[in-house]
Amino acid sequence: MAISSVAGFATSTPAQTPELASGINIQGLTKTFQLGRKSVQALSAIDLGTKKDSFLSLLGPSGCGKSTILRIIAGLEKPSAGSVVVNGKNATEIQRGHETGIAFQDSALLPWRTVTKNIRLPLEVAGITPAPGLIDGLIDLVGLKGFENAKPAQLSGGMRQRVSIARCLAVEPTIMLLDEPFGALDDMTRQRMNVELLRIWGEKPATTLMVTHGIGEAVFLSDVVAVMSARPGRIAEVVEINLPRPRLPELTRSPEFHAYVDQISEILFGAHGAASDD
């Protein structure tokens with residue numbers, strides 16, 4: 001079933017239901033940036049809701065505000081209007097509780113630190129002593145056992161992103177924010193990392209929002225895909241992905257998978273014209 005919205009207002013108002021209130025709950029989110037004397041509206045009246053521990057992907061053209069939404073949830077940007085609540089807490093409360101794990105396209109590892117020490121970094125910044133075995137467990141979870149003392153220059157791109165995901169999980173987050181985490185990887189590595197991410201997310205569930213430009217990636221990973229229009233960003237349509245879990249690579253060859261890819265492609269590139277970068 002698809003939940004559709006027009007100009008960012010979800011017709012089913014999903015964020016108001018008790019079930020969704022414990023996940024991502026975005027109401028009337030608007031963001032305007034001041035660039036000198038010029039104002040640029042990045043987001044216009046975004047309404048969006050998902051369930052707790054669900055996986056939401058944001059898709060849309062460059063500059064439509066996908067990463068701005070992620071940064072507002074993370075507390076790295078302030079909204080001009082509207083509200084964002086995740087798992088019943090606002091961005092300030094989430095930050096205070098160190099409940100958010102973040103991974104970006106650039107793994108942003110410190111080159112002089114080992115795998116173990118890079119993963120420990122957010123705990124050190126937060127002044128948190130890791131539980132016994134936590135770091136070793138994360139290294140094992142992301143498939144890097146034996147590379148504990150390696151430095152980033154000694155790792156492949158995919159391995160560096162595994163470290164980034166492990167670091168994201170170090171605070172044992174209830175919220176995971178992923179901004180094109182595999183965008184810089186080659187296609188084969190990216191597909192492998194998608195499978196790995198689902199396995200990791202299945203073992204350590206968290207309310208997750210991922211920004212991506214990959215339609216197939218979004219369908220494969222997500223419970224919900226929110227398709228955005230060009231700036232100022234609005235929700236063109238929200239698509240629920242009713243595909244069985246666990247999901248394996250052969251799913252991407254199924255008619256059901258391709259039906260979702262075609263549906264979302266039509267939203268982006270069809271009559272809606274959402275893929276314009278103007």
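This report looks at one helix and two pockets in a predicted model.

**Helix α2**

Let's begin with α2, which spans residues 66-73 and is mostly covered, with six of its eight residues buried. Those buried positions are Lys 66, Thr 68, Ile 69, Leu 70, Ile 72 and Ile 73. Follow the chain just past α2 and you meet Gly 75, which has a positive phi of about 85°.

**The two pockets**

Here are the two pockets side by side.

| Pocket | Volume | Nonpolar lining residues | Polar lining residues | Charged lining residues |
|---|---|---|---|---|
| Largest | about 530 Å³ | 13 residues | five residues | two residues |
| Second largest | about 310 Å³ | four residues | five residues | five residues |

The largest pocket has a volume of about 530 Å³. It is lined by 20 residues, and Thr 100, Gly 101, Ile 102, Pro 122 and Val 171 are the closest to its centre. Two or more lining residues come from each of α3 (91-96), β7 (100-104), α4 (115-126) and α6 (157-169). If you would like a strand to find first in the viewer, try β7: it gives the largest share of this lining, five residues.

Now for the second largest pocket, with its volume of about 310 Å³. Its lining has 14 residues, and those closest to the centre are Asp 187, Gln 191, Asn 194, Gly 216 and Glu 217. Helices α7 (187-203) and α8 (215-221) each contribute at least two residues to the lining of this pocket. Here the largest share belongs to α7, which supplies six residues.

Notes. Residues are numbered from 1 along each chain as its sequence is written. This is a predicted model: local features need pLDDT of at least 70, side-chain atom pairs count only at pLDDT 80 or more; totals for chains, interfaces and linings use all residues. Side-chain values use heavy atoms; hydrogens and water are left out. Buried means under 20% relative accessible area, exposed over 50%, partly exposed in between (1.4 Å probe, protein chains only). Helices (H or I, at least four residues) and strands (E, at least two) are DSSP runs, numbered from the N terminus. On a 1 Å grid over the protein atoms alone, a cavity is a set of points where a 1.4 Å probe fits but cannot get out, and a pocket is an open set with protein on both sides within 12 Å along at least five of seven lines; lining residues have an atom within 4 Å of a point. Grid points are joined across faces, edges and corners, and a volume is the space filled by probe spheres set on the points. Ala, Val, Leu, Ile, Met, Phe, Trp, Tyr, Cys and Pro count as nonpolar, Asp, Glu, Lys and Arg as charged, and the others, Gly among them, as polar.
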